[in-house]
Number of protein chains: 2
Amino acid sequence: MQLFFTSQTDGNNAFLDAEETRHLKVLRKNVGDAIQVIDGKGLLLDCVISRIGKDSTDLDIKKQARQQRPRKYYFHLYVAPTKQNERMEWMLEKAVEAGLDEITFLETEHSEKTRINMGRLQKIAVSAIKQSGQYYLPLIHPLIKLDQVPVDDHTFIAYCGVAEKAGLKDAILPLKENAVISILIGPEGDFSEKEANDMMHKGARGISLGNSRLRTETAALYCAIMLDNLE
Amino acid sequence: MQLFFTSQTDGNNAFLDAEETRHLKVLRKNVGDAIQVIDGKGLLLDCVISRIGKDSTDLDIKKQARQQRPRKYYFHLYVAPTKQNERMEWMLEKAVEAGLDEITFLETEHSEKTRINMGRLQKIAVSAIKQSGQYYLPLIHPLIKLDQVPVDDHTFIAYCGVAEKAGLKDAILPLKENAVISILIGPEGDFSEKEANDMMHKGARGISLGNSRLRTETAALYCAIMLDNLE
């Protein structure tokens with residue numbers, strides 16, 4: 001079933017923005033048709049279209065149901081943007097499809113990219129949750145410096161230079177359900193040794209991500225897929 | 001360490017083709033320099049450059065070591081090519097990075113794409129194993145029709161329409177080590193009901209891939225990552 005996305009609802013009505021209205025028209029929906037709408041915060045709304053305008057659509061809400069978060073853990077990904085926009089956008093699309101809850105972009109010593117287009121990333125995330133039938137839109141945060149990341153004992157750093165580190169599964173499985181897991185992934189040239197040491201000094205734990213050396217964007221997706229499947 | 005790829009070796013010498021020679025020049029390597037070379041069949045060669053030509057390079061092999069396959073299972077992915085070349089190439093790059101052994105492209109009822117560029121996919125696979133430090137180059141096979149896929153009791157089909165199906169992990173973990181696991185993934189519009197039923201009638205088993213509805217290329221990567229991490 002095709003899902004639509006709304007960021008505007010009151011108890012009885014919901015509204016679609018220009019982008020979603022365009023989408024509705026592509027699918028040849030008409031006034032009176034029933035559609036399913038998500039708000040990205042866990043609500044699934046059964047609606048009937050009451051008006052289709054040029055840049056907006058009005059909906060009557062007939063039924064609403066709150067959906068559970070499907071995952072055992074809450075996954076906050078911290079990742080340095082890749083040099084190529086395209087790879088970063090792929091990463092976001094795929095990681096959201098596979099399942100994550102929050103993403104913060106990192107400015108690091110070896111970062112070659114220090115600007116991101118938040119509007120575009122937001123659109124990609126909305127499209128990915130609709131596509132994959134999810135009810136929660138991940139929060140996307142703008143770039144912060146690595147040393148601004150809050151570290152607790154659920155903070156993990158994927159750094160190639162650490163000799164001794166646990167696999168992701170062994171590191172995470174002992175944690176209790178619904179724990180907020182933060183995983184930090186560096187840029188193409190990885191974190192610098194100093195950066196990694198500083199983070200580990202603050203309490204972040206080193207983890208390894210499988211048998212191969214993964215690119216930044218593959219590492220992010222690896223974490224999303226693995227966290228979605230730990231049991 | 002930067003790896004080079006050779007498809008031509010005798011006991012004492014190895015040769016780099018035009019593409020790898022270009023790469024060698026970009027890295028400003030000279031005659032007399034030591035480099036590491038893989039043959040994609042498990043050999044890691046320590047070599048010294050003896051001649052750099054316009055389109056080829058000669059190497060003296062100083063040492064060679066056979067590397068183990070790193071994975072518990074042998075993973076043969078059968079997948080319908082995505083409509084967009086770009087998505088298919090991305091899938092191949094990432095799935096090879098994450099780890100797979102063999103890939104066969106499928107022609108299915110809902111396939112919108114029935115041609116693939118084998119030369120280009122081969123190049124992407126070589127680049128991905130070098131990048132991720134792997135010693136085995138996956139075999140890439142041209143398109144075959146779905147009904148030509150050999151089915152045994154290690155053949156799994158990821159089909160959204162089956163109500164009862166095991167998760168990938170539960171389906172695979174009981175199998176013995178080194179089993180050849182074949183997983184079939186359909187095109188954007190999934191397998192047709194008839195196709196899925198025919199395959200299951202022949203003995204293929206339905207599996208589900210996590211909590212979300214995944215796109216073709218994400219599903220492929222999901223399988224590669226999960227299989228690389230079952231224990």
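A nonpolar core, as I shall use the term, is a set of buried Ala, Val, Leu, Ile, Met, Phe, Trp, Tyr and Cys residues joined through side-chain atoms within 4.5 Å, where buried means under 20% relative accessible area (1.4 Å probe, protein chains only). The model is predicted: local features need pLDDT of at least 70, side-chain atom pairs count only at pLDDT 80 or more, and totals for chains, interfaces and linings use all residues. Residues are numbered from 1 along each chain as its sequence is written, chains are lettered from A and ligands numbered from 1 in the order in which they are written, and side-chain values use heavy atoms, without hydrogens and water.

The largest nonpolar core has 100 residues, and Ile172(A), Ile183(A), Ile172(B) and Ile183(B) have the most contacts inside it. Beyond its neighbours within four places in sequence, Ile183(A) is in contact (heavy atoms within 4.5 Å) with residues including Phe75(A), Tyr78(A), Phe156(A) and Leu227(A).

I turn to the sheet. In chain A, seven strands (DSSP E runs of at least two residues) form an open sheet with parallel pairing, in the order S9-S8-S7-S12-S10-S13-S11; pairing requires at least two DSSP bridges. Its edge strands, S9 (139-145) and S11 (166-167) of chain A, each pair on one side only. Two bridges join S11(A) to the parallel strand S13 (residues 205-208) of chain A.

Finally, the two copies. Superposed by least squares on C-alpha atoms of residues with pLDDT of at least 70 in both, chain A falls on chain B after a rotation of 180 degrees with 0.0 Å of shift along its axis (RMSD 0.0 Å). The copies are therefore related as by a two-fold rotation axis.

Notes: Buried means under 20% relative accessible area, exposed over 50%, partly exposed in between (1.4 Å probe, protein chains only). Helices (H or I, at least four residues) and strands (E, at least two) are DSSP runs, numbered from the N terminus.
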